[in-house]
Amino acid sequence: MKRTIRLAAAATILLISGCSTTVSGTPTAVGAGDTNTDFDKLLQECVAVPDDKIAESVQADVVDQYFFGAVCMWTGTGASGIVDVTFAWFENNSLGRERTLSDKLDYQVEPITVAGTSAFLSRRPGDPYSCGITASYSGTVTWWVQYRGGNVDPCAGATTLAELTLQRNQ
């Protein structure tokens, strides 16, 4: 019986030692040190249009960026009061998909061309102070402008921002 236990223990030790591997070096997290060139400008889409041009486009004295990432957001102030501006660029999106979404939300949609590119304006029902424009560009780009009052056409600012984005990135 003792011999069987010893043989089983010896076999186990041989099995374990035969399957082990020694790795030299310093451990690092997966992906550390790797450069993924597909995302080299991941946080740079928020500079598609400089802040001073955003402010000028929406008739604000100044805008302040308070969020950036996949969606970029600014708030501004001027003669028309407070204005919110949002920009999004989705590489793997289509104008048709965004149009379908706007239709499902019952937005008023108007097809247009901006900087020679297919686009559409969208407005929320009953909200004359907000307007978005979505255009085809390596996926889609969307600018959304919303005034918290006043009588400035939000579609004019959104369209200007889309033109600036497309002209700058062509």
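Which residue in β7 is the bridge partner of serine 130? It's glutamine 146. Keep in mind as you look around that this is a predicted model. That one bridge is a handy way in, so let's start with the strands around β7.

Strand β7 covers residues 140-147. On one side of the story is β6, which pairs with β7 in the antiparallel sense over 7 bridges. The two strands form a hairpin with 3 residues between them, and in that hairpin serine 138 takes a positive phi near 45 degrees. Then there's strand β3, residues 81-90, which also pairs with β7 in the antiparallel sense, this time over 8 bridges. If you'd like a spot to look for in that pairing, find alanine 88: its bridge partner in β7 is threonine 142.

So is β7 mostly buried or exposed? Of its 8 residues, 7 are buried, so the strand is largely enclosed by the rest of the structure.

Now stay on β7 and look for tryptophan 143. A pair of aromatic rings is described by the distance of the centres and the angle of the planes. The count of aromatic pairs here comes to 3. One of them joins tryptophan 74 and tryptophan 143, with 5.7 Å from centre to centre and 25 degrees between the planes. Planes under 30 degrees apart count as stacked, so this pair is called stacked. Tryptophan 74 sits in strand β2 and tryptophan 143 in strand β7, so the rings link parts of the chain that are 69 residues apart. Both tryptophans are buried.

Tryptophan 143 has another ring partner, phenylalanine 87. Here the centres are 4.5 Å apart and the planes differ by 35 degrees, which makes the pair tilted. This pair also links distant parts of the chain: phenylalanine 87 belongs to strand β3, 56 residues away from tryptophan 143 in β7. Phenylalanine 87 is buried, just as tryptophan 143 is. Put these ring pairs together and you get a cluster of Trp74, Phe87 and Trp143.

Next up are the cysteines. A disulfide is a covalent bond between the sulfur atoms of two cysteines. How many disulfides does the structure hold? There are 2, and they follow the pattern 1-2, 3-4 when you count bonded cysteines along the chain.

Take cysteine 46 and cysteine 72, whose sulfur atoms are 2.0 Å apart. Cysteine 46 lies in the loop between α1 (2-19) and α2 (51-57), while cysteine 72 is in strand β2, and 26 residues separate them. The angle about their S-S bond is -85 degrees, and the link is left-handed. Cysteine 46 has a relative accessibility of 4%, so it counts as buried. For cysteine 72 the value is 0%, so that residue is buried too.

The other disulfide joins cysteine 131 to cysteine 155, with 1.9 Å from S to S. Cysteine 131 is in strand β6 and cysteine 155 is in helix α4 (residues 154-168), so the bond ties together parts that are 24 residues apart in sequence. Its torsion is about 95 degrees, so this one is right-handed. Both of its cysteines are buried.

Last stop: serine 57, which has its place in helix α2. With a relative accessible area of 14%, serine 57 is buried. Leaving out residues up to four places away in sequence, serine 57 touches Gly157, Thr160, Leu161 and Leu164.

Terms used:
Residues are numbered from 1 along each chain as its sequence is written. This is a predicted model: local features need pLDDT of at least 70, side-chain atom pairs count only at pLDDT 80 or more; totals for chains, interfaces and linings use all residues. Side-chain values use heavy atoms; hydrogens and water are left out. A disulfide is a pair of cysteine sulfur atoms within 2.5 Å. Helices (H or I, at least four residues) and strands (E, at least two) are DSSP runs, numbered from the N terminus. Buried means under 20% relative accessible area, exposed over 50%, partly exposed in between (1.4 Å probe, protein chains only). Two strands pair if DSSP finds at least two bridges between them. Contact means heavy atoms within 4.5 Å. Rings of Phe, Tyr and Trp (its six-membered ring) pair if their centres lie within 6.5 Å; planes under 30 degrees apart count as stacked, over 60 as edge-to-face and the rest as tilted.
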